[in-house]
Amino acid sequence: MAKTQLNARVPEELAREVRDAASRAGMDIGDYIAAVLEADLAAASGGEELRRARANMHAAAAYKKWMAAGQSEEGAMSMGEVFGA
């Protein structure tokens, strides 16, 4: 399969976590990132269960980032309201 290079700027902490995860998986960073993106895209175009799991994962990551930044939850929607659960 032909390969092309993508460039992205990410926070240093995220870059460190990705490097560590790739190392733990025994993969080089390019192959690891490609595998993560392939899995996410497959979930995005998969069945309802996969799409729901993907949405929950992305929501959890966004929530963690929101809270780490010290953002308020006052007046926010619950996860049930967001996902209709």
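## Working through a four-helix model

The accessible surface of the chain is about 7300 Å², with 57% of it on carbon and sulfur atoms (Shrake-Rupley method, 1.4 Å probe; for residues, only the protein chains shown count as cover).

Before you start: this is a predicted model, where local features need pLDDT of at least 70, side-chain atom pairs count only at pLDDT 80 or more, and totals for chains, interfaces and linings use all residues. Residues are numbered from 1 along each chain as its sequence is written, and side-chain values use heavy atoms, with hydrogens and water left out.

**Exercise 1. Work out the fold layout and say how spread out the chain is.**

Step 1: Start with the secondary structure, which gives four helices and zero strands (DSSP runs, H or I of at least four residues for helices and E of at least two for strands, numbered from the N terminus).
Step 2: Read from the N terminus, and the order is α-α-α-α.
Step 3: The radius of gyration is 16 Å, well over the 12 Å from the globule rule for 85 residues, so the chain is more spread out than a compact globule. That radius is taken over C-alpha atoms, and the rule is 2.2 Å times the number of residues to the power 0.38.
Step 4: For the box, the C-alpha atoms fill roughly 45 × 35 × 25 Å along the principal axes.

**Exercise 2. Check the span of helix 3, then look just past its end.**

Step 1: Helix 3 covers residues 48-68, which is 21 residues.
Step 2: The expected span is 1.5 Å times one less than the number of residues.
Step 3: From first C-alpha to last, helix 3 reaches 30 Å, close to the expected 30 Å.
Step 4: Just after helix 3, G70 has a positive phi of about 75°.

**Exercise 3. Sort out burial, and place Y32, I33 and R16.**

Step 1: Set the cut-offs: buried is under 20% relative accessible area, exposed is over 50%, and partly exposed is in between (1.4 Å probe, protein chains only).
Step 2: Buried residues are 8% of the 85 in the chain.
Step 3: Y32 lies in helix 2 and is partly exposed at 21%.
Step 4: I33 lies in helix 2 too (residues 29-44), and with 38% it is partly exposed.
Step 5: R16 sits in helix 1 and is partly exposed at 43%.
Step 6: C-alpha to C-alpha, Y32 and R16 are 13 Å apart, while I33 and A22 are 8.1 Å apart.

**Exercise 4. Decide where to trust the coordinates.**

Step 1: The chain averages a pLDDT of 88, and 95% of residues score at least 70 (pLDDT is the predictor's confidence in each residue, from 0 to 100).
Step 2: Helix 1 (residues 12-25) has the highest confidence, at a mean of 96, and helix 4 (residues 79-83) the lowest, at 70.
Step 3: Where pLDDT is low, don't read the predicted coordinates in detail.
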